[in-house]
Amino acid sequence: MIQRFLYLIGVCLIMSGCHTVISDNGDLDGLWQQTTIENLQTGVISDGRDVGSGVTWAFQGPLLSMRDGATEIIYRFQMGGDILKVYNPYFSGRFTDVADDIAIIDASQLNVFGVYQLEEYFKILQLDGSTMILESSHVRLSFRKY
């Protein structure tokens with residue numbers, strides 16, 4: 001009886017030391033590789049994997065990390081229904097000599113990622129465990145989950 005009690009206390013102590021962060025982002029969470037970028041004005045479709053070393057978007061908690069080689073942009077995002085809003089972009093100082101993140105004030109620096117405004121709204125056309133398709137007023141972006 002005492003052994004069971006001590007075992008139970010030990011398990012409780014171990015479990016209380018764990019801190020689990022649970023996200024309610026569903027299928028959105030994780031690392032996504034941009035596969036195609038379709039310009040809705042011209043109809044031109046580009047291979048997203050050919051841009052630099054390949055564009056990736058990674059969602060975790062309330063943050064979105066967009067990367068293209070050594071360039072990393074950190075966004076805040078909100079998802080409601082079939083709309084994804086990305087806003088408040090910063091250049092990440094994680095891969096540079098600059099210690100601080102730098103606010104982005106020129107949206108043209110975001111175009112390589114398929115973003116054309118500092119606050120952009122995307123309609124979620126498809127989102128499941130392997131494919132994500134987003135559409136803004138400028139582009140349709142297709143992704144595959146890593």
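Two strands count as paired if DSSP finds at least two bridges between them. Helices (H or I, at least four residues) and strands (E, at least two) are DSSP runs, numbered from the N terminus.

**View 1. The whole chain of this predicted model has one helix and 10 strands.** The model is predicted, so local features need pLDDT of at least 70, side-chain atom pairs count only at pLDDT 80 or more, and totals for chains, interfaces and linings use all residues. Residues are numbered from 1 along each chain as its sequence is written, and side-chain values use heavy atoms, with hydrogens and water left out. Along the sequence the elements follow the pattern α-β-β-β-β-β-β-β-β-β-β. Of the 146 residues in the protein, 31% are buried (under 20% relative accessible area; exposed is over 50% and partly exposed lies in between, with a 1.4 Å probe and protein chains only). The accessible surface comes to about 8900 Å², and 56% of this surface belongs to carbon and sulfur atoms (Shrake-Rupley method with a 1.4 Å probe; for residues, only the protein chains shown count as cover). Among contacts (heavy atoms within 4.5 Å) between residues at least 6 apart in sequence, 46% join residues at least 24 apart.

**View 2. Strand 1 pairs with strands 2, 3 and 10.** Strand 1 covers residues 30–39 and is antiparallel to strand 3, with four bridges between them. One of these places W32 opposite W57 in strand 3. Strand 1 also runs antiparallel to strand 10, joined by seven bridges. Strand 2 (residues 45–47) is another antiparallel partner of strand 1, over three bridges. E38 has a partner on either pairing: R140 in strand 10 and I45 in strand 2.

**View 3. Glycines with a positive phi sit in three hairpins.** Five residues lie between strand 1 and strand 2 in their hairpin, where the phi of G43 is positive, near 85°. Strand 4 and strand 5 are antiparallel and joined by six bridges. D68 has T71 in strand 5 as its bridge partner. Two residues separate these strands in their hairpin, and G69 has a positive phi near 65° there. Strand 5 in turn pairs with strand 6 in the antiparallel sense, over seven bridges, with R76 opposite Y87 in strand 6. The hairpin of strand 5 and strand 6 has two residues between the strands, and in its turn G81 shows a positive phi of about 60°.

**View 4. N88 and Y87 are seen in and around strand 6.** N88 is not a glycine, yet its phi is positive, at about 60°. Most residues other than glycine have a negative phi, and most peptide bonds are trans. N88 belongs to strand 6, residues 83–91, and is partly exposed, with a relative accessible area of 37%. K85 lies over the face of Y87, 4.7 Å from the ring centre (a charge sits over a ring if NZ of Lys or CZ of Arg is within 6 Å of the ring centre and within 35 degrees of the ring normal).

**View 5. W57 pairs with F59 and with F143.** The whole structure holds four aromatic pairs (rings of Phe, Tyr and Trp, its six-membered ring, with centres within 6.5 Å; planes under 30 degrees apart are stacked, over 60 edge-to-face and the rest tilted). W57 and F59 make a tilted pair, with 6.3 Å between centres and 55° between planes. Both residues, W57 and F59, are buried. W57 also forms a tilted pair with F143, at 4.9 Å centre to centre and 55° between the planes. This pair links distant parts of the chain, as W57 is in strand 3 (residues 55–60) and F143 in strand 10 (residues 139–145), 86 residues apart. W57 and F143 are both buried. W57, F59 and F143 join F77 and F122 in one aromatic cluster.

**View 6. The largest nonpolar core has 24 residues.** A nonpolar core is a set of buried Ala, Val, Leu, Ile, Met, Phe, Trp, Tyr and Cys residues joined through side-chain atoms within 4.5 Å. W57, F59 and L84 have the most contacts inside the largest one. Strands 1, 3, 4 (63–68), 5 (71–80), 6, 8 (120–127), 9 (131–135) and 10 each give two or more residues to this core. Beyond neighbours within four places in sequence, F59 touches L28, D29, G30, W32, L64, F77, L84 and M132.

**View 7. S142 is a buried residue of strand 10.** The relative accessible area of S142 is 16%. Apart from neighbours within four places in sequence, S142 is in contact with Q33, Q34, T35, T36, M132 and I133.
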